[in-house]
Amino acid sequence: MIRLIDHIAELSPWARRALSLAAGALVALGLPPLGAWPLAFVGLPLFLALLASGKSASWRGSFLAGWLFGLGYFAVAFHWIGFAFLVEAETYLWMMPFMLGALAGGMAIYWGLAAMAAKRLSPDGLDLVLAFAAALGLAEWLRGRLFTGFPWAVPGLLADGMGGLTQLASLIGMTGLTVVIVLWASLPYVLLSDRARGKLLAAMCIGLLMPAFWAWGEMRLASETGDMVAGVAIRIVQPNVPQEQKWREDHARAIFDQLKQLSTMATGERPDGIGGVTLLVWPESAVPFLIDESPVARAELQPMLGGRTALVTGSIRVNRDGAEAADVFNSIIVFDGDGEPAARYDKWRLVPGGEFLPLAWLLEPLGFRKVVRTPGNFTAGEGPVSILLPGGLKAALLVCYEVIFPDRLIDPADRPQIIVNVTNDGWFGRSTGPWQHLAQSRLRAIEQGLPVIRAANTGISAVIDSHGRYLHRLPLMEEGVIDSLLPAAIAPTAYGRWGDWLLLLLLVATSGSAIILKLTGGR
């Protein structure tokens with residue numbers, strides 16, 4: 001086995017670079033929907049063997065190895081974003097290689113810095129494994145926060161296919177899952193490279209924690225029956241409007257009528273249609289007009305809602321008050337049972353390249369444009385807030401990719417009873433993107449101990465309980481509705497109470513152990 005490590009050290013520079021790319025791509029195949037997480041137990045040890053060899057000893061060499069590893073990972077993980085450029089290919093297709101290359105390459109910088117830091121801290125063996133797990137965890141934490149943050153496709157998302165192991169998110173969150181999964185998946189490298197008996201024994205003990213935590217998660221799930229909130233019935237509408245039709249004004253009436261028809265249709269679960277439904281949820285920007293400003297739409301909503309059903313719908317909103325140029329918001333509008341606007345929420349985490357163009361002063365003269373067409377950029381809202389819905393239910397409302405952020409998800413001073421996420425993943429067709437988006441919504445439920453109600457234009461709409469169990473799902477690219485009772489919230493989780501403080505302890509323990517092992521030589 002040790003000879004394999006020696007053989008890797010003798011490879012040519014280009015072969016080593018190709019292997020770094022391939023190792024990252026292997027790890028990315030563990031993300032939803034493929035869920036091939038065992039490949040991480042191949043890709044990570046392979047990368048660490050490349051990082052530990054003499055040719056990666058310099059800070060430049062270790063950074064390049066880590067950057068290529070990240071580039072391979074993010075090229076696979078983010079490939080679905082390319083589908084958005086195909087919707088209006090005549091306008092946007094030429095931008096696709098530049099935008100995807102910049103995104104994957106930019107995110108890979110964090111991994112290059114993590115590899116460089118880990119190599120400086122610990123050259124090889126178990127101490128390198130510990131150092132890299134800690135450094136990558138810190139890098140992923142920063143990736144989710146710096147420059148607006150983009151924590152999509154974190155390695156911790158591999159846990160989506162690991163059964164009860166996902167329940168660890170209730171303690172250490174998504175980034176904590178990244179640390180422990182990278183740590184466990186890297187352990188085979190220790191068996192291939194380290195002869196120190198103490199380090200081998202320590203690696204075996206760390207490895208045994210994985211099935212232990214997996215079993216703990218399964219027991220946590222088995223001990224909770226999943227209570228429902230009495231008297232609250234919800235209906236989620238998934239209209240499956242093709243993206244190329246969604247913003248066309250000549251389709252506005254047909255889309256609105258389709259949404260109303262699905263909202264009132266009889267189903268096996270609810271033969272009386274909308275009768276008895278407490279909360280009706282439509283997806284992001286459900287109609288191609290300003291629904292809160294349309295007297296015709298409000299007049300048609302009133303008989304449909306019947307004085308008893310609240311409608312939560314995604315909508316573009318325009319604020320013209322006292323400004324030379326109107327502010328455009330990607331919002332959620334809440335209508336009461338009489339069809340009158342009762343509350344609103346404005347998205348505050350905007351999508352770079354979609355809802356605003358970073359470095360517009362530089363990129364617009366070169367022909368680059370944001371994908372969502374509005375006059376100017378969208379305006380950001382004020383931040384997380386709990387909204388009191390008609391009927392007294394308190395909700396955290398999230399638009400689209402706001403749900404991928406574990407921090408500042410809800411108002412901690414006013415904990416909601418439910419998370420409602422409306423989205424339009426129609427840009428991404430039948431790619432892996434909608435599946436990854438759904439999996440991240442599931443992690444938010446586990447982290448916060450709150451149910452997630454998810455309405456997606458083309459799917460995947462879902463009802464997720466407070467432990468991350470899917471109670472209902474609608475298939476991707478299908479029209480339909482979900483009728484369900486509302487799952488109950490549970491007491492705030494450790495992560496919900498303390499956020500990333502337990503992650504900090506984990507990072508200190510992991511990096512501290514690497515330093516101790518390096519100083520003692522594993523004795």
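The paragraphs below lead through a predicted model, from a sheet and the helices on it to a pair of helices, a buried residue and some points of the backbone.

Residues are numbered from 1 along each chain as its sequence is written, and side-chain values use heavy atoms, with hydrogens and water left out. Because the model is predicted, local features need pLDDT of at least 70 and side-chain atom pairs count only at pLDDT 80 or more, while totals for chains, interfaces and linings use all residues.

A good place to begin is the open sheet, in which six strands follow the order β5-β4-β3-β2-β1-β12 with mixed pairing; strands here are DSSP runs of E with at least two residues, helices are runs of H or I with at least four residues, and both are numbered from the N terminus. Two strands are said to pair if DSSP finds at least two bridges between them, and the edge strands, β5 (341-346) and β12 (480-487), each pair on one side only. Neighbouring strands of this sheet are turned against each other by 30° on average, direction ignored, where axes are lines fitted to C-alpha atoms, for helices over the stretch in contact, and angles run from 0 to 180 degrees between N-to-C directions. Within the sheet, strand β2 (residues 279-281) pairs with strand β3 (residues 310-319) in the parallel sense over three bridges, and V281 has V312 of β3 as its bridge partner. Strand β3 is mostly covered, since nine of its ten residues are buried, a word that stands for under 20% relative accessible area, with exposed meaning over 50% and partly exposed the range in between (1.4 Å probe, protein chains only).

Helices lie across this sheet. Helix α11 (residues 252-264) lies across β1 (228-238), β2 and β12 and runs at about 145° to β1, whereas helix α12 (residues 295-305) lies across β2, β3, β4 (327-335) and β5 and runs at about 30° to β4.

Elsewhere, helix α8 (residues 169-193) packs with helix α14 (residues 433-448) at an angle of about 140°, their axes being 8 Å apart. That angle makes α8 oblique to α14, because angles under 35 degrees count as roughly parallel, over 145 as roughly antiparallel, 65 to 115 as roughly perpendicular and the rest as oblique. From α8 the contact (heavy atoms within 4.5 Å) involves A169, S170, G173, M174 and L177, and from α14 it involves L443, R444, I446 and E447.

Residue N421 sits in strand β8 (residues 418-423) and counts as buried, because its relative accessibility is 0%. Leaving aside residues up to four places away in sequence, N421 touches L398, V399, C400, V403, S441, I453, R454 and A455. With R454 its side chain also shares a polar contact of 3.5 Å, meaning a pair of N or O atoms within 3.5 Å, of which, within protein, one must be able to donate a hydrogen and the other to accept it, residues adjacent in sequence counting only if both atoms are side-chain atoms.

The backbone has further points to look at. The peptide bond from P32 to P33 is cis, with omega near 5°, and P33 is placed in the loop between α2 (13-28) and α3 (40-52). Another cis peptide bond, with omega about 15°, joins G459 and I460, the latter lying in the loop between β9 (452-456) and β10 (462-464). In the loop between α7 (125-143) and α8, F147 has a positive phi near 55° without being a glycine, and F147 counts as exposed at 73% relative accessibility.
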